[in-house]
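Let's look at a structure together and learn to read a few of its features. Have it open while we talk.

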2 protein chains.
Amino acid sequence: MAIYLSNFLSSKNKKSKMGDFQNLEHLDGVSISAISANLYDGKRDDLVMFYFRDGANYASVYTQSKIISENIKWNLNLKNKKINALMINARNANAFTGKKGYQGLKEIADELAIQLSIKQKNDEEKPMTIKPNQILFGCTGTIGEKYPTEKIKKSIPDLIEGIKYTQSKYMWMKAALGIMTTDLVPKLAMEECKIGNVDVRIYGIAKGSGMIFPNMATTLGYVFTDASLSSSILQKLLRKNIQTTFNAISCDGDTSTNDMVTIFATNKSKNSMIKTINDSKLEEFEKSLHNVLLNLSKRIAADGEGASKFITVNVNNSKTQEEAKKIAFSIANSPLVKTAIAGEDPNWGRIIMAIGKANVNISLSKLEITFGKIKIIEKGELSIDYDEIEVAEYMKNEKIDLNINLNVGKKNFSAYTMDLTKKYIEINSDYRS
Amino acid sequence: MAIYLSNFLSSKNKKSKMGDFQNLEHLDGVSISAISANLYDGKRDDLVMFYFRDGANYASVYTQSKIISENIKWNLNLKNKKINALMINARNANAFTGKKGYQGLKEIADELAIQLSIKQKNDEEKPMTIKPNQILFGCTGTIGEKYPTEKIKKSIPDLIEGIKYTQSKYMWMKAALGIMTTDLVPKLAMEECKIGNVDVRIYGIAKGSGMIFPNMATTLGYVFTDASLSSSILQKLLRKNIQTTFNAISCDGDTSTNDMVTIFATNKSKNSMIKTINDSKLEEFEKSLHNVLLNLSKRIAADGEGASKFITVNVNNSKTQEEAKKIAFSIANSPLVKTAIAGEDPNWGRIIMAIGKANVNISLSKLEITFGKIKIIEKGELSIDYDEIEVAEYMKNEKIDLNINLNVGKKNFSAYTMDLTKKYIEINSDYRS
């Protein structure tokens with residue numbers, strides 16, 4: 001079961017209101033290719049490349065895990081401010097594969113750089129020589145399995161041949177599908193906005209929880225804009241806005257070795273130079289970027305393994321955002337809260353438990369809790385209007401809002417998660433073979 | 001399904017090797033009464049009292065939650081070093097019940113103190129007047145429901161009448177059953193040892209995860225000894241030994257408002273005075289106490305909601321115990337690890353993931369992992385002897401040992417948990433009514 005998400009759409013762009021999937025179109029400077037490298041025995045696309053024929057500025061955030069995959073190591077070693085390609089494979093995480101896994105990426109990057117350079121010579125007026133260290137990698141799949149270096153290398157000619165310079169929504173969808181593992185739905189989002197008086201676009205795709213060989217929930221998110229923005233501005237924008245978007249979702253509290261979110265700017269728009277993220281001309285862009293990141297994040301949570309309900313935990317009026325976040329995640333990660341919601345049980349006692357264990361000093365007599373708009377706790381006591389039948393009815397919704405008002409300050413944090421169902425256990429306990 | 005635990009028995013006492021349940025017998029100075037106060041409509045015992053006719057020294061550790069139940073507040077307010085009774089009720093947690101919940105305990109303590117004082121006059125040569133503040137409370141059950149003060153008060157005469165001055169294993173079992181909620185099996189443990197050349201006994205009962213109205217996993221543990229030990233010695237012993245026993249188990253990472261472990265000493269044994277826990281005469285006693293606490297803890301984990309397998313996570317040769325603990329719990333609390341084990345899938349990649357996310361710096365090239373005695377990872381790489389069929393066979397066992405050797409220091413920590421099954425979801429998502 002996938003949760004229908006059309007009302008997550010936050011874009012003001014009318015084009016994007018045409019149903020659940022937003023219509024991503026051509027973005028100047030971005031080329032896409034998506035093929036099968038036979039990693040799933042030819043049954044689906046599993047190798048996706050974003051090719052920036054004129055290069056792109058970029059910025060990434062990576063997993064905070066102490067054990068990181070070989071492609072994350074590769075990416076961290078790149079010292080270039082400009083990049084020419086992002087290659088993503090599904091089915092194999094290239095994690096815990098040691099030197100051979102890293103060497104595999106090097107071989108692939110060498111070969112891809114050669115073939116892209118040849119394509120530059122054929123297609124461009126002023127051809128560039130593309131170097132291996134101008135290629136970024138995203139990997140998702142099983143940990144510890146031999147990285148399929150040869151299969152991917154052999155697929156490079158197909159990948160090059162598949163490059164589309166002009167994108168339709170079909171190609172964006174093909175890319176979003178090609179990076180999926182056990183995701184049930186592809187995840188795309190877009191916004192259009194202005195920097196100064198120049199129109200720019202922000203497009204994004206992501207994948208979330210689950211793998212076809214179940215292993216872990218790797219999050220990959222890739223955002224593309226035609227705006228002219230330096231890598232340093234991109235890095236600051238991404239770091240700032242990731243906190244309340246990708247870092248606000250939790251499916252099961254586990255963290256992958258491979259998590260990666262990257263933003264690319266093709267510099268095709270003629271907006272004026274932006275020197276600081278506090279530039280007022282950047283305000284609208286930042287809001288739109290936040291929307292794209294949040295939209296993708298929510299889609300990942302809603303498509304969390306086994307999800308039957310999408311849960312938003314709003315913790316408001318806290319002394320600090322950090323404390324609000326602790327409480328929000330204590331609730332969002334509690335198996336007891338998440339199973340109660342799966343059972344449509346208005347079991348508010350478990351919310352109290354989760355608030356209590358968050359290790360934040362609260363003022364119990366000021367605590368207010370509502371489920372949606374229904375008052376549960378007022379001034380630290382069960383509301384006199386509490387009507388379990390009314391609340392039980394609310395729990396039947398597909399989207400559940402848990403609102404915790406601490407009434408001790410002015411800071412807020414919202415976390416996004418899904419319920420914990422038998423399906424989650426099924427997906428994750430089925431033997432891999 | 002309950003996991004058969006006979007080989008958790010750690011006692012050297014031959015009597016205790018007679019099957020899964022240990023034979024707790026009479027312990028001088030401890031009286032037990034267990035009755036039905038009709039909290040479950042008369043279907044089972046739900047009110048248990050341990051009565052110390054000559055008083056007992058005691059020490060407690062309580063939940064670290066910031067929201068604590070009214071009985072924990074009551075207990076924390078007691079300033080006496082000696083106690084005369086511990087009353088435990090199931091079915092209602094007396095948490096989030098406000099002033100009325102606290103007032104209920106006061107009324108019960110007042111009445112119980114009066115009736116116990118009358119019993120003292122009838123039965124004792126040198127009768128004591130028992131005061132309300134010499135009564136300790138344990139509560140477990142639903143959060144936020146009105147505390148059944150009247151039902152319990154009305155049951156006090158039955159409770160007094162039921163007092164048995166001499167205990168058989170039947171009475172200990174009745175007490176262990178009376179404090180259960182959704183536990184599948186009662187939990188008892190015992191050790192016999194010496195302080196100096198004097199024989200002493202340590203008996204304990206506990207309850208674990210689950211409630212008949214599912215709400216949360218409240219842990220209650222009560223340990224009794226006839227040794228002569230001051231409350232201050234008891235407190236130090238309990239604080240020290242709780243870290244590697246009750247604080248080493250995790251069923252779902254959630255923490256109750258009501259968790260409580262207490263040790264009582266009736267001072268009936270004529271052992272010599274102990275002034276410090278470093279006294280060498282206390283060594284054997286401390287080991288035995290640790291065994292009782294560990295035995296009870298393991299029984300709680302093994303009977304965790306929905307458990308089909310008991311999991312021990314040993315993290316060895318860490319720089320600090322704190323780091324070993326972080327990694328052990330990162331593994332023990334990972335839903336992805338626990339579902340893989342439920343599925344008997346030797347998915348070691350998820351162990352790697354859980355080690356990585358623990359936020360401890362490790363030396364990957366020194367990492368060793370074995371499942372039981374089977375080598376999985378050696379020197380940070382998949383063992384050349386790795387045979388998935390052999391490991392898959394091992395995963396069929398009811399007890400799974402995950403051994404993580406960091407090889408960077410000399411500190412160890414073991415955590416105990418169970419697998420995550422569909423049954424867990426069933427128990428916790430079924431609507432309460």
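What follows is a short dialogue about domains, a helix pair and a chain contact in this predicted model.

Q: Where do the domains of chain A begin and end?
A: A domain assignment splits a chain into stretches. For chain A, it gives domain 1 as 12-302 and domain 2 as 310-429. Their C-alpha centres lie 34 Å apart.

Q: How many residues does each domain give to the contact?
A: Domain 1 of chain A puts in 12 residues, and domain 2 of chain A puts in 11 residues. On the domain 1 side, you'll find 6 nonpolar, 5 polar and 1 charged.

Q: At roughly what angle do helix 5 and helix 6 of chain A cross?
A: For a helix pair, look at the two axes. Those of helix 5 (residues 231-242) and helix 6 (residues 283-302) of chain A come within 10 Å and cross at roughly 55°, so helix 5 of chain A is oblique to helix 6 of chain A. The crossing is right-handed.

Q: Which residues meet there?
A: From helix 5 of chain A come Leu237(A), Asn241(A) and Ile242(A); they meet Glu286(A), Leu289(A), His290(A) and Leu293(A) of helix 6 of chain A. That contact divides into 4 nonpolar, 2 polar and 1 charged.

Q: How many residues of chain B are in contact with chain A?
A: Count each side separately: 50 residues of chain B touch 49 residues of chain A. Among the elements of chain B giving two or more residues are helix 9 (335-342) and helix 12 (422-429). Helix 10 of chain B supplies the largest share, 7 residues. The chain B side holds 19 nonpolar, 20 polar and 11 charged residues.

How values were computed: Residues numbered from 1 in each chain as written. Chains lettered and ligands numbered in written order. Predicted model: local features only at pLDDT ≥ 70, side-chain atom pairs only at ≥ 80, totals over all residues. Contact = placed C-beta atoms within 7 Å. Helix = DSSP H or I, 4+ residues; strand = E, 2+ residues; numbered from the N terminus. Nonpolar A, V, L, I, M, F, W, Y, C, P; charged D, E, K, R; others polar. Axes fitted to C-alpha atoms, helices over the stretch in contact; angles between N-to-C directions. Parallel < 35°, antiparallel > 145°, perpendicular 65-115°, else oblique. Left-handed = near helix turned anticlockwise from the far one by under 90°. Domains from an automatic or database assignment.
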